[in-house]
Amino acid sequence: MHVISSPSILYFGTPVALISTENEDGTFNLAPMSSVFWIGWRCHLGLQAISKTVENMRRTGQMVINLASPAQVGAVDRIARTTGSNPVPDDKIRRGYYHVKNKFETAGLTPVPSETVTPPRAAECPVQMEAVLEHEHGYDQDGPLGGYIAILEARITRIHVEENILMEGNSNRIDPDKWSPLIMNFQEFYGLGPKLHTSRLGEIAEELYRTPDFDRAHQSRLLAD
């Protein structure tokens with residue numbers, strides 16, 4: 001039997017990402033978030049518009065999207081209520097946030113150089129995606145949330161994957177039996193359980209999902225080499 005319900009949040013299960021960006025003084029910010037989805041080699045990020053991450057992405061156009069596994073849950077939680085903004089916005093003060101300058105250190109994660117963007121990758125995260133900001137999309141522009149939420153479209157320029165989560169014999173395909181993303185489920189942390197059923201979609205060759213963004217990123221890598 002279904003009943004009418006009005007949850008304040010609709011986090012039915014989304015992956016946790018740690019977004020690294022460059023501050024105006026050349027230091028780096030690291031922010032956990034989970035309102036993200038992918039289409040091809042692009043992703044859409046939903047963030048509070050007053051965040052330091054959004055400020056940095058708008059100014060530099062660069063970021064790294066680090067995907068955490070359950071092994072990094074402690075690191076994510078240590079910076080979950082921190083902000084790179086100083087002073088801390090009133091809205092975040094009400095929710096118990098406080099300013100931290102070096103969030104990599106506070107999280108206990110290791111910054112390592114990226115190859116196509118300036119912000120560093122988080123070494124411990126099994127998946128690290130270098131990306132550039134392509135577009136910012138309007139969100140409730142004429143309504144009460146106008147200016148409160150930023151919807152940012154990022155194009156992936158390079159992906160670094162921990163070798164032990166790849167399919168054997170295929171360096172371009174992640175094995176879902178080996179990779180377990182950290183999931184935010186109604187503001188609580190979860191991992192994945194075992195696979196429930198085989199998928200007909202899983203039988204499609206990885207290469208058939210490639211978009212022009214893949215070729216664009218691959219070509220830039222060849223030129224760099």
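# Briefing on a predicted protein model

In this model, Arg121 and Glu130 are joined through their side chains by a salt bridge, with 4.0 Å from N to O. The structure is a predicted model. Its protein chain contains five helices and 16 strands. Of the 225 residues in the chain, 39% are buried. The points below cover the chain as a whole, its salt bridges, a seven-stranded sheet, the helix α1 that packs on that sheet, and two places in loops.

**The chain as a whole**

- The protein chain exposes about 13200 Å², and carbon and sulfur atoms supply 53% of that area.
- Among contacts in the protein chain with a separation of 6 or more, 64% are between residues 24 or more positions apart.

**Salt bridges**

- Side chains of opposite charge can pair when their charged atoms come close.
- Twelve salt bridges are found when the whole structure is searched.
- In the pair named at the outset, Arg121 counts as buried because its relative accessible area is 14%, under the 20% limit for that class.
- Its partner Glu130 is likewise buried, with a relative accessible area of 0%.
- A network of salt bridges with shared partners joins Glu24, Lys52, Glu55 and Arg59.
- Within this network, the side chains of Arg59 and Glu24 form a salt bridge with an N to O distance of 3.9 Å.
- This pair links distant parts of the chain, for Arg59 belongs to helix α1 and Glu24 to the loop between β2 and β3, 35 residues apart.
- Arg59 is partly exposed, because its relative accessibility is 40%, whereas Glu24 is exposed, with a relative accessible area of 53%.
- Another salt bridge connects Arg42 with Glu153, and their closest N and O atoms are 2.9 Å apart.
- Arg42 lies in strand β5 and Glu153 in strand β12, so that this pair, 111 residues apart, also links distant parts of the chain.
- Arg42 and Glu153 are both buried.

**The seven-stranded sheet**

- Strands of a sheet pair through backbone hydrogen bonds, either parallel or antiparallel.
- Here, seven strands make an open sheet in the order β3-β2-β6-β11-β12-β5-β4, with antiparallel pairing.
- The edges are held by β3 and β4 (36–39), each of which has a single partner strand, so one side of each has no neighbour in the sheet.
- On average, neighbouring strands of this sheet are turned by 30° against each other, direction ignored.
- Strands β5 and β12 run antiparallel and are joined by seven bridges.
- Leu47 has Ala150 of β12 as its bridge partner.

**Helix α1 on the sheet**

- Helix α1 packs on the sheet and touches β2, β3, β5, β6, β11 and β12, while its direction makes about 50° with that of β2.
- In α1 (residues 52–60), the buried residues are Lys52, Thr53, Val54, Asn56 and Met57.
- An α-helix has 3.6 residues a turn, so residues three or four places apart point the same way.
- The cover over the buried residues of α1 includes β2 (17–22), β3 (28–33), β5 (42–48), β6 (62–67), β11 (127–137) and β12 (149–161).
- Gly61 follows α1 and has a positive phi, near 75°.

**A nonpolar surface patch**

- Tyr139, Leu145 and Tyr148 form a nonpolar patch on the surface, and their accessible area together is about 250 Å².
- One of these residues, Leu145, is located in the loop between β11 and β12.
- Leu145 is classed as partly exposed because its relative accessibility is 34%.

**Ser180 and its surroundings**

- Ser180 is part of the loop between β14 (170–174) and β15 (183–185).
- With a relative accessibility of 23%, Ser180 is partly exposed, since that class lies between the 20% limit for buried and the 50% limit for exposed residues.
- Apart from its neighbours within four places in sequence, Ser180 has contacts with Ser69, Pro70, Gly191 and Leu192.
- Ser180 and Pro15 are 165 residues apart along the chain, and their C-alpha atoms are separated by 9.7 Å.

How values were computed
Residues numbered from 1 in each chain as written. Predicted model: local features only at pLDDT ≥ 70, side-chain atom pairs only at ≥ 80, totals over all residues. Heavy atoms only, no water. Buried < 20%, exposed > 50% of the residue type's maximum accessible area, 1.4 Å probe, protein only. Helix = DSSP H or I, 4+ residues; strand = E, 2+ residues; numbered from the N terminus. Contact = heavy atoms within 4.5 Å. Areas by Shrake-Rupley, 256 points an atom, 1.4 Å probe, with all protein chains shown as cover. Patch = residues over 30% accessible without salt bridge, like charges linked within 9 Å, V, L, I, M, F, W, Y side chains within 5 Å. Pairing = 2+ DSSP bridges. Axes fitted to C-alpha atoms, helices over the stretch in contact; angles between N-to-C directions.
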